[in-house]
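Good morning, and thank you for making time on the agenda. I would ask everyone to keep the structure in view while I go through it.

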Amino acid sequence: MIHSAHLALDASRANRRNATPALIVSNSLSVRKLIVVATLIFGSACSSKDQKAIPVSTVPVMRRDIVIDAQATGVVEPINIVEVKSKASGQIVKMPVETGYLVKPGDLLVQIETRDTKNQYDQTAAALAAAKSKLDVSTAQKKRADDLFKSRIITATEYEAAALDFANAKAQLVAATTSMDLSKQRLEDATVTAPLAGTIIEKTVSLGTVIASATGTFGGGTTLLKMADLGKVRVRALFNESDIGQVRPGQTATVTVDAYPDRRFIGLVEKIEPQAVIQQNVTMFPVLVTLDNNEGLLKPGMNGETN
């Protein structure tokens with residue numbers, strides 16, 4: 001029994017001696033792993049100190065508007081086109097303007113032949129002079145008749161005749177004055193001048209054309225030319241029905257035309273036409289945008305995009 005106990009004790013001591021190297025190897029591996037991890041942490045810490053911090057821009061919180069963009073194509077057009085006609089009829093003998101000319105109020109546009117109107121004017125001038133002379137004579141006769149009738153030298157019939165002649169002389173003077181004014185107006189109507197400052201955008205007649213009067217014919221007379229003030233123009237753009245609810249009069253709009261693709265022209269929404277236009281089964285609404293055109297870059301008929 002004692003021998004067995006000694007054998008068991010020797011076996012236990014042998015097992016302990018065999019286990020010690022394994023434990024030592026395991027502990028050394030753990031220490032190496034810790035050293036590697038510590039080295040990596042230290043290295044990453046050192047490298048992070050060497051790197052510069054990335055700058056981040058910040059802005060204060062504020063309330064801003066969300067811009068909803070609506071786009072449409074349109075055409076530049078004059079705001080107010082004036083059709084120039086003549087009250088007189090006849091042949092054009094002078095027309096010093098062409099399309100594109102800038103004119104001021106009172107500048108000569110068309111001169112119509114004045115031979116007939118000048119003859120009428122001369123006749124009425126002579127008739128007016130005769131009526132004035134007749135009134136002077138009738139006034140003197142009426143004054144003498146008044147004196148003679150008071151003295152009972154002439155009869156009542158003779159006095160009434162003098163009074164009637166005086167009244168007729170005054171009526172003739174009024175008629176001659178009226179005819180003179182009308183003849184003068186007809187003579188002035190033969191000279192057509194610019195009613196306002198603007199640009200000649202269309203010329204429908206030429207030198208030598210016989211025109212009809214705007215007041216004496218059923219069709220309204222011959223249109224001589226068309227002019228407009230191009231200091232302000234507008235763009236008529238067709239917006240889709242889905243976008244028209246976001247467009248309001250008074251809003252700012254930018255217009256880009258094909259002639260100047262790198263320049264934006266700033267305008268204001270003038271109005272939205274109430275009547276829709278249907279193009280290829282798409283409902284569109286015309287929107288009028290007014291633009292300042294002091295430089296004269298925008299021409300009627302230019303195509304542009306309105307935002």
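Among contacts between residues at least 6 apart in sequence, 74% join residues at least 24 apart. This is a predicted model, and that figure, like the others I shall give, is computed from it. The chain comprises 307 residues, of which 26% count as buried. Its secondary structure consists of three helices and 15 strands. The exposed surface amounts to about 21,100 Å², with carbon and sulfur atoms supplying 56% of that area.

Let me turn to the interior. The largest nonpolar core has 23 residues, and those touching the most other members are Val76, Phe239, Val287, Val289, Leu291 and Leu298. Five strands, namely β1, β10, β11 (252-257), β12 (260-272) and β14 (282-292), each supply at least two residues of this core. Apart from it lies another core, of 19 residues, which includes Val84, Val103, Ala194 and Ile200.

Leu291 deserves a moment here. Setting aside residues up to four places away in sequence, Leu291 touches Gly231, Lys232, Val233, Val235, Val255, Phe265, Ile266, Gly267 and Leu298.

Among the strands that contribute to the core, I would single out β11. How many of the six residues of β11 are buried? Five of them are, so that the strand is mostly covered. On one side of the pairing, β11 and β12 run antiparallel and are joined by five bridges, with Thr254 standing opposite Ile266 in β12. The connection from β11 to β12 is a hairpin through two residues. Strand β11 also pairs with β15 (residues 303-306), again antiparallel, by three bridges. In that pairing, Val257 stands opposite Gly304.

I come now to charged side chains. Side chains of opposite charge can pair when their charged atoms come close. The structure holds 13 salt bridges, and I shall discuss three of them.

The first is between Glu77 and Arg234, whose side chains meet at 3.0 Å, N to O. This pair links distant parts of the chain: Glu77 belongs to strand β1 and Arg234 to strand β10 (residues 232-240), 157 residues apart. Is Arg234 buried or exposed? Arg234 counts as buried because its relative accessibility is 14%, under the 20% cut-off. The pair also belongs to a network of salt bridges that links Glu77, Arg234, Arg236, Glu270 and Glu273.

The next is between Lys142 and Asp146, with the closest N and O atoms 3.1 Å apart. These two residues are four residues apart in helix α2, and are therefore separated by about one helical turn. Lys142, at 17% relative accessibility, counts as buried, whereas Asp146, at 21%, counts as partly exposed. The two values fall on either side of the 20% cut-off, which is why the two residues are classed as they are.

The last of the three joins the side chains of Lys104 and Asp107, at 3.7 Å, N to O. Lys104 counts as exposed because its relative accessibility is 54%, and exposed means over 50%. Asp107, at 24%, counts as partly exposed.

Returning to the region around Arg234, I would draw attention to Ile79. Where is Ile79 found? Ile79 sits in the loop between β1 (72-78) and β2 (81-85). Beyond its neighbours within four places in sequence, Ile79 is in contact with Lys232, Val233, Arg234 and Thr290. Ile79 and Val235 are 156 residues apart in sequence, yet their C-alpha atoms are 9.2 Å apart in space. With a relative accessible area of 33%, Ile79 is partly exposed, because that value lies between the 20% and 50% limits.

Finally, I turn to helix α3, residues 156-189. The helix has 34 residues and reaches 50 Å from its first C-alpha to its last, close to the 50 Å expected at 1.5 Å a residue. Which residues of α3 are buried? They are Ala162, Phe166, Ala169, Leu173, Ala176, Met180, Ser183 and Asp189. The cover over these buried residues includes α2 (115-150) and β6 (191-193). Helix α2 is also the helix that holds Lys142 and Asp146.

That concludes the presentation, and I welcome discussion.

Key: Residues are numbered from 1 along each chain as its sequence is written. This is a predicted model: local features need pLDDT of at least 70, side-chain atom pairs count only at pLDDT 80 or more; totals for chains, interfaces and linings use all residues. Side-chain values use heavy atoms; hydrogens and water are left out. Buried means under 20% relative accessible area, exposed over 50%, partly exposed in between (1.4 Å probe, protein chains only). Contact means heavy atoms within 4.5 Å. The expected span of a helix is 1.5 Å times one less than its number of residues. A salt bridge is a side-chain nitrogen of Lys or Arg within 4 Å of a carboxyl oxygen of Asp or Glu. A nonpolar core is a set of buried Ala, Val, Leu, Ile, Met, Phe, Trp, Tyr and Cys residues joined through side-chain atoms within 4.5 Å. Accessible areas come from the Shrake-Rupley method with a 1.4 Å probe; for residues, only the protein chains shown count as cover. Two strands pair if DSSP finds at least two bridges between them.
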